[in-house]
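Welcome, and thanks for taking a look. Here is a friendly briefing on how two chains meet and on the space enclosed in the structure.

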Number of protein chains: 2
Amino acid sequence: MEKSTSLQHYVRGPHRRGEIAKAARTLIVEKGYAALRTRDVAERVGISLSTMHFHVATKSDLVALVAETTMDAFLSLLPPAPSPDMPAQKQLRTEVQAYYDSLLEHGELAACYVQLTQAASDEPRIRPMLEAFEQGWSQRFADILHIGREQGVFRANVSPLPAALVITGALTAFGTRGPGKLEMFWPVFDEIERGLLAIDPKGKDT
Amino acid sequence: MEKSTSLQHYVRGPHRRGEIAKAARTLIVEKGYAALRTRDVAERVGISLSTMHFHVATKSDLVALVAETTMDAFLSLLPPAPSPDMPAQKQLRTEVQAYYDSLLEHGELAACYVQLTQAASDEPRIRPMLEAFEQGWSQRFADILHIGREQGVFRANVSPLPAALVITGALTAFGTRGPGKLEMFWPVFDEIERGLLAIDPKGKDT
DNA sequence: TGAAGAATCGATCATATGATCGATTTATGG
DNA sequence: CCATAAATCGATCATATGATCGATTCTTCA
C-alpha cells in the first residue's frame, strides 16, 4: 500500500480540470447528483481535497463545469443539422440512431443530463444551459418533421413542434431507465414513425 | 412569539403520520428530494424533531411513507379500468384528461413522483413501488390501444405497448417541466392521437 | 542554477444533519 | 381521580461535508 515508484505528481496546465469534470460526471451517474461529494471526486482523480479546491473553487463551480462539458460532449455526437434537400425519413432515423448510439456508448451523458436536471434546483446557474439544450434538441426534430411534411413523406397534418416533443419525451424516458430497458427503444420509435408517415396506398403519387 | 392560548397539543392516533407525510411531500416538491431535511418536515408540521422521530423512526421510513401515500393518491384520481365495451378514443381522452387534471389540481403528485424517482438510488425500498406503478399506468394505455385497434378506431398496425410507452413518455415530460409549460400539453396529445387514428376516408365504413 | 510561481498536501474549522436519551406533559380508562 | 401509556420536547451526540490555511514540493525559465 505504499506509493508506487513512478507517481508523476504535478500535472501542469488545465488538464486537471478535465479530469475532475470527468470524475465528477462518473460519480454523478453512479450515485446520483444528490450523493455527489467533493471528497469522492478528489479521491477518484487521485488528488487531495485541497488540490481539488485549488482547481475548482467551489462545489457550485464543479457542477457548472460538469454541465458544460457534458452538454458539449453530447452535442458533438449529433449528426449534421437537418437539411431540406435530404429525405426526411432517413434524417429522422439518423437523428434517433445517433441518440441511441449515445445511450449505448456514452450512456453517462444522458444519465448525467437527467441528474443535472435535478441539480438545477440547487444550482440555478445551470438551468439556462439545460433549457437551451433541450429546446435546441427538440428544434432539430421539429425541423426534420417540417421538412418531411413538405416532402410529403409525413402526414400533411403533422404539427412539427408538438410531434417533436412527443419524440423527445418518449426517447428521453430511455435515458432515465437503466440499461436493459433499452430493448423497447426501437419498437417505440417504430411506433412513432408509423404514426408520422403519410398513408401511401400502393405507392402511387398524386 | 409566545405560544398561542389554544394550542391543542397532543394529537392521538395515527393522524400525525398523515400530517408528516403531507408535509414531507410538500417539501420534496418545493425543494427537491435532495434537499429534504427531517428538521424541515418537523417544523412544517409544527412539532419537534424528536416527536417527528417518534412517529416516523428514520428518514428512510419517511421516504417510504411518502412514496406509499403519493402513489395511492395518484391512483385514486384515475378513471375506471379500460373496458372493451366503450369507444376507445373516448377512453383514451378520458384517461389523458384525468392525468391533465391531476397536473392542474394536484401537481404535487406528479412532481413528487419525479423526485421519488431520484430518491430510488438512496432508498432501494421504494424502487419496486415505482416500477409497479409505472408498469401499471402504461398497461392501462396499452389496454385502451388494444381495444381501439380491435374496434377499428386505431391503426391496424398499432403496437399497444410501444404506443403506450410513447404516450406515457411524452406526457410524463410535462410532470417535470414547471407549470406554464403546460400549454403544449394538448397540442402534444392531439398529435399523438392523429398518429394513432385509422385513416377513415370520407367517414364511410367497410 | 536559483528564484518565482504553480500544484499538492495534511490539518483543521464551521456547520448541517440524522439520530438518541431522559424528562415532562397530556389524554384516557378503570 | 389517578395510574398508565402515548405524545411531546430540549439537549446532545456522532458524523458528514464543504471550505480554508499554511507549509511543502515540483516545474519553469531567465
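**How the chains meet**

In this predicted model, 29 residues of chain A are in contact with 29 residues of chain B. Together the two chains bury about 2300 Å² between them, and 61% of that area is on carbon and sulfur atoms. The points below start with the interface, then turn to the cavity and to a salt bridge within chain A.

**Polar links across the interface**

- Ten residue pairs are in polar contact between chain A and chain B, counting pairs with both residues at pLDDT 80 or more.
- On the side of chain A that touches chain B, α6 (107-119), α8 and α9 each supply at least two residues.
- The most is given by α8(A), which brings eight residues to the side of chain A that touches chain B.
- By class, that side of chain A divides into 16 nonpolar, seven polar and six charged residues.
- The rule finds two salt bridges across the interface of chain A and chain B.
- If you would like a specific pair to inspect, the side chains of B:Glu191 and A:Arg155 meet in a salt bridge, at 2.7 Å from N to O.

**The cavity**

- How many cavities of 30 Å³ or more does a search of the whole structure find? The search finds one.
- About 160 Å³ of space lies in the largest cavity.
- The largest cavity is lined by 16 residues, and the closest to its centre are A:Val166, A:Ile192, B:Val166, B:Ile192 and B:Gly195.
- Both chains take part in this lining: α8 (160-176) and α9 (185-196) of chain A, and α8 (160-176) and α9 (185-196) of chain B, each supply at least two residues.
- Sorted by class, the lining of the largest cavity has ten nonpolar, two polar and four charged residues.
- The helices α8 and α9 of chain A are therefore worth viewing from two sides, since each supplies at least two residues to the cavity lining and each also supplies at least two to the side that touches chain B.

**Salt bridges over the whole structure**

- Over all chains, the structure holds 19 salt bridges.
- One of them joins A:Arg125 and A:Asp61, whose closest N and O atoms are 3.0 Å apart.
- Where do the two partners sit in the chain? A:Arg125 is in the loop between α6 and α7 (127-151) of chain A, while A:Asp61 is in helix α4 (residues 59-75) of chain A.
- This pair links distant parts of the chain, with the two positions 64 residues apart in numbering terms.

How values were computed. Residues numbered from 1 in each chain as written. Chains lettered and ligands numbered in written order. Predicted model: local features only at pLDDT ≥ 70, side-chain atom pairs only at ≥ 80, totals over all residues. Heavy atoms only, no water. 1 Å grid on protein atoms, 1.4 Å probe; cavity = no way out; pocket = protein on both sides within 12 Å on 5 of 7 lines; lining within 4 Å. Points joined across faces, edges and corners; volume = space filled by probe spheres on them. Helix = DSSP H or I, 4+ residues; strand = E, 2+ residues; numbered from the N terminus. Nonpolar A, V, L, I, M, F, W, Y, C, P; charged D, E, K, R; others polar. Contact = heavy atoms within 4.5 Å. Buried area = accessible area lost by both parts, 1.4 Å probe. Salt bridge = Lys/Arg side-chain N within 4 Å of Asp/Glu carboxyl O. Polar contact = N/O pair within 3.5 Å; in protein donor to acceptor, adjacent residues only side chain to side chain.
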